[in-house]
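Trainee: Could you take me through one aromatic residue up close and then work outwards from there? I'd like one connected story rather than a list.

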Amino acid sequence: MKALQFIGAGEPLASVEIDDPSPGPGWVVIDVHAAGLCHSDLHILHGPGSDWVAKKPIVLGHEVAGTVSALGDGVTGVSIGERVGVALIAHPLEAGLVYAPGLAVDGGYAEKTLVHESVLVPIPDNVSFAQAAVATDSIATAYHAVRTTAEVREGHIVGIIGLGGLGLNGVRIASLLGAKVYGVDTNPRTFDIARDMGAVECFADIADLKALEPHVIIDFAGAGLTTAVAVETVRPAGRVVVIGLEAGTAEINISHMVLASVQLHGSLGASKQDLVEVYDLLASGALRPPIEEVVFDEVPAALERLQRGEVTGRLVTNPQRADDRRHTRS
């Protein structure tokens with residue numbers, strides 16, 4: 001079968017033919033119908049995150065959805081033909097992402113992949129494979145960050161920094177929780193879609209949030225300076241949550257953070273229950289993430305677009321249609 005492997009930092013994805021997987025006890029094979037393209041893939045490819053993967057070479061692609069096509073011994077929780085998403089279980093933290101596709105084991109940039117039964121979540125009938133795939137990370141991570149780490153509540157004023165795939169989902173989720181949401185991004189092309197997803201207004205400068213006295217600022221960019229400015233912009237006793245990994249460090253005004261009792265939190269991934277709840281929101285129509293499908297053979301070029309900041313929303317690919325030249329949006 002056709003697959004895209006990560007060979008090493010600084011190397012392009014390798015298009016290879018590998019054997020079809022065979023499931024051992026507790027594992028299943030799924031036919032991959034959607035795999036999301038993520039900024040984390042860029043961190044792996046370009047070096048800073050190359051140590052995140054458990055082996056090399058490895059098939060990347062950690063946002064995965066498809067149909068079960070083979071069962072290992074002892075698997076009873078799913079059946080052949082069932083539509084499933086693959087949860088990236090980062091909570092509880094001790095779970096350690098031990099079965100994470102594209103990180104711990106081969107992932108979704110292939111026609112088929114092995115998945116442990118414990119991380120499978122059924123996809124509701126009216127949720128597409130593309131939606132189900134991006135939900136495993138892009139939406140579930142934003143959901144956990146907004147609802148659990150940031151503790152956003154009705155009536156809160158919330159600033160969202162970075163209006164890419166995760167940030168836009170953060171806008172929508174905070175809005176659904178009853179918050180008054182403001183977006184920040186250096187790219188004004190993201191503003192209209194952020195407003196459509198529930199933002200009251202959008203700004204190019206984080207400092208414009210200060211007069212609004214936000215209870216919470218959630219930094220989906222993580223560019224170093226973005227976090228530093230957020231700490232000085234949130235209201236006294238407010239909370240800053242960082243998800244983005246663009247910069248490795250940030251220079252924080254510790255005196256201000258202490259004297260203003262600002263809380264600074266990191267937020268990684270989500271729980272399996274988070275994904276279940278996100279699927280319910282997708283099924284209800286409350287969440288409609290912007291998604292663009294790219295053909296499988298063009299994944300490397302699509303990742304370059306993502307690197308250049310030319311993508312609004314989320315990219316997915318369907319390895320079952322490797323030679324299909326069409327692009328679709330949902």
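Mentor: Sure, and keep in mind that this is a predicted model. Let's start at Tyr 99, which counts as partly exposed because its relative accessibility is 30%, in between the cut-offs of 20% for buried and 50% for exposed. There are 2 aromatic pairs in the structure. Tyr 99 belongs to one with Trp 27: the ring centres are 5.5 Å apart and the planes stand at 90°, so call it edge-to-face. Trp 27 is in strand S3 (residues 27-37), while Tyr 99 is in the loop between strand S7 (89-91) and strand S8 (112-116), so the contact ties together parts 72 residues apart in sequence.

The other pair is Tyr 182 with Phe 203, and this one is stacked, at 6.2 Å from centre to centre with 15° between the planes. It also links distant parts of the chain, since Tyr 182 sits in strand S11 (residues 180-184) and Phe 203 in strand S12 (residues 199-203), 21 residues apart. Here both Tyr 182 and Phe 203 are buried.

Back to the loop that holds Tyr 99. Pro 92 is in that stretch between S7 and S8 too, and the peptide bond leading into Pro 92 from His 91 is cis, with omega near 5°. A cis bond also joins Lys 56 to Pro 57, with omega about -5°; Pro 57 is in the loop between helix H1 (39-45) and strand S4 (58-59).

Pro 57 takes us to Gln 5. Setting aside residues up to four places away in sequence, Gln 5 touches Pro 57 along with Pro 12, Leu 13, Ala 14, Val 16, Ile 18, Ile 58 and Val 59. Gln 5 belongs to strand S1 (residues 2-6), and it counts as buried because its relative accessible area is 13%, under the 20% cut-off.

Follow the contact with Leu 13 next. Beyond its neighbours within four places in sequence, Leu 13 meets Leu 4, Gln 5, Phe 6, Leu 45, Leu 60, Tyr 109, Val 299 and Leu 303. Leu 13, Leu 60, Tyr 109 and Leu 303 are among the residues that touch the most other members of the largest nonpolar core, which has 88 residues. Helix H2 (residues 129-149) gives this core its largest share, 12 residues. A separate core of 17 residues lies apart from it, with Ile 157, Ile 206, Val 240 and Met 257 among its members.

H2 turns up again around empty space. There is 1 cavity of 30 Å³ or more, and it holds about 40 Å³. H2 and helix H3 (165-176) each put at least two residues into its lining, and H3 has the largest share with 3. The lining is made of Val 134, Ser 138, Gly 165, Leu 168, Asn 169, Pro 289, Pro 290, Gly 313 and Arg 314. By class that is 4 nonpolar, 4 polar and 1 charged.

Two backbone oddities to finish. Glu 213 has a positive phi, near 50°, although it isn't glycine; you'll find Glu 213 in the loop between S12, the strand of Phe 203, and strand S13 (216-219). Ala 237 does the like with phi near 70°, in the loop between helix H5 (225-233) and strand S14 (239-242). Glu 213 is partly exposed at 48% relative accessible area, whereas Ala 237, at 51%, counts as exposed because the cut-off is 50%.

How values were computed. Residues numbered from 1 in each chain as written. Predicted model: local features only at pLDDT ≥ 70, side-chain atom pairs only at ≥ 80, totals over all residues. Heavy atoms only, no water. Core = buried A, V, L, I, M, F, W, Y, C linked by side-chain atoms within 4.5 Å. Buried < 20%, exposed > 50% of the residue type's maximum accessible area, 1.4 Å probe, protein only. Helix = DSSP H or I, 4+ residues; strand = E, 2+ residues; numbered from the N terminus. Contact = heavy atoms within 4.5 Å. 1 Å grid on protein atoms, 1.4 Å probe; cavity = no way out; pocket = protein on both sides within 12 Å on 5 of 7 lines; lining within 4 Å. Points joined across faces, edges and corners; volume = space filled by probe spheres on them. Nonpolar A, V, L, I, M, F, W, Y, C, P; charged D, E, K, R; others polar. Phe/Tyr/Trp six-rings, centres within 6.5 Å; stacked < 30°, edge-to-face > 60°.
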